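Colleague: Hi! Could you walk me through the charged pairs in this protein?

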Amino acid sequence: MIAPLIPQGRPLLLLAPMQDVTDLSFWRVLHRYGGPDVYFTEYFRVHSASTPESWILDAIRNNPSGRPVIAQMIGQDIEHLVRTAALLQKENIAALDLNIGCPAPIVCRKSSGGGMLRNLAHLDKVIAALRPAIHVNFTLKTRIGFDSPEEFDALLDLYAQHPIDALTVHGRTVKEMYRVNVHYDRIAQAVQKMKCPVFANGNILSAGNARAVVEQTGAQGLMIGRGAIRNPWIFNQIRESHAGEIKTRPTLSDVREYVEILYRGTRPEGFSETLQVARMKKFMNFIAQKIDPEDQFLHQIRRAASEMDFFKICDQFLCGDALFNPETPEKALANAGNPRTDCYL
């Protein structure tokens, strides 16, 4: 059961699965800042010739936090999902999660991820086959439909028929990607309908925002992705908020230190300076949003060509004791670009 993991008096805090982001190195960085209660892996790709990716297994086996890990699978082939589930259950995981939400076109074209929402009969068969094959907790991460939020009624009817252990709802459709406001009313609908815990996912960027989402939806947990890239303090801030007072208030200088830790800590061995600067721009699309009113920081950092240039720009904009504001206009964050798949906000 997932329920025993949920703390008294506050929501369970989960790191969203973000492809090419939530690897072991990123887990280590987040752990320095308090980290989530539960870590999700990047997804394991499942098909006829697949074997569990070694670097994702490495994250499970070397989890620096000692906190529970949920392994996520993506695919639509029942035989090979069951086969992979058997392999992953040999690892130290708290649950197996099926990705039913990734909006990436290349994934949906294969009828995986969010593409599964177009064929509810097959989705029903997949869940029915996996449930008896999974002896740890079995969870689902879904969007609220493929084309329209109105599809969520039928989806919830389907999910409620199966004895799953938790449901994470990203409150947008596949077609909406990250471009519109989150339909928190649909997450509240899932909370009312499902017997299992429901976790809210979508644009949770600050402790205040987190409280509002819990109050609006009744969700028992919060899954945070882009908000954790931008604000690694968010998990501790939410804990502090529910304890009565937010004490963690980072400054722009603290953000500068975080950027350096992220740069050094996520650089693979043998990775060139040029490649790491390019890799960091993926993170900076979120961190640099609206640091200054005209977004000059973001504009300049996207054009940095070397490590020296990169940190010189950081030093220009990330200095002093001004408090860091983790919240940005939702439209600005949606237009920042996203790590390659769903799989989180």
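Modeller: Sure, here is a short chat about salt bridges in this predicted model.

Colleague: How many salt bridges are there in the whole structure?

Modeller: A search finds 16 of them.

Colleague: Nice. Which residue does Asp37 pair with?

Modeller: Asp37 pairs with Arg10, with N and O 2.8 Å apart. Asp37 sits in the loop between α1 (24-32) and β2 (38-45), while Arg10 is in the segment before β1 (12-15), so this salt bridge links parts of the chain 27 residues apart.

Colleague: Are those two buried or exposed?

Modeller: Asp37 and Arg10 are both buried.

Colleague: And what about Glu91, where is its partner?

Modeller: Glu91 meets Arg61 in a salt bridge of 2.7 Å, N to O. Arg61 belongs to helix α2 (residues 54-61), and Glu91 lies in the loop between α3 (78-88) and β4 (95-100), 30 residues apart.

Colleague: Why does Glu91 count as buried?

Modeller: Its relative accessible area is 17%, and buried means under 20%. Arg61 counts as exposed because its value is 56%, and the cut-off for exposed is over 50%.

Colleague: New topic: what does Arg267 bind to in a salt bridge?

Modeller: Its partner is Glu307, with the closest N and O atoms 3.6 Å apart. Arg267 is in the loop between α11 (252-265) and α12 (273-287) and Glu307 is in helix α14 (residues 307-317), so the pair ties together parts 40 residues apart in sequence.

Colleague: Which network of salt bridges includes Arg267?

Modeller: Arg267 and Glu307 are linked in a network with Arg256, Glu260, Arg264 and Asp315.

How values were computed
Residues are numbered from 1 along each chain as its sequence is written. This is a predicted model: local features need pLDDT of at least 70, side-chain atom pairs count only at pLDDT 80 or more; totals for chains, interfaces and linings use all residues. Side-chain values use heavy atoms; hydrogens and water are left out. A salt bridge is a side-chain nitrogen of Lys or Arg within 4 Å of a carboxyl oxygen of Asp or Glu. Helices (H or I, at least four residues) and strands (E, at least two) are DSSP runs, numbered from the N terminus. Buried means under 20% relative accessible area, exposed over 50%, partly exposed in between (1.4 Å probe, protein chains only).
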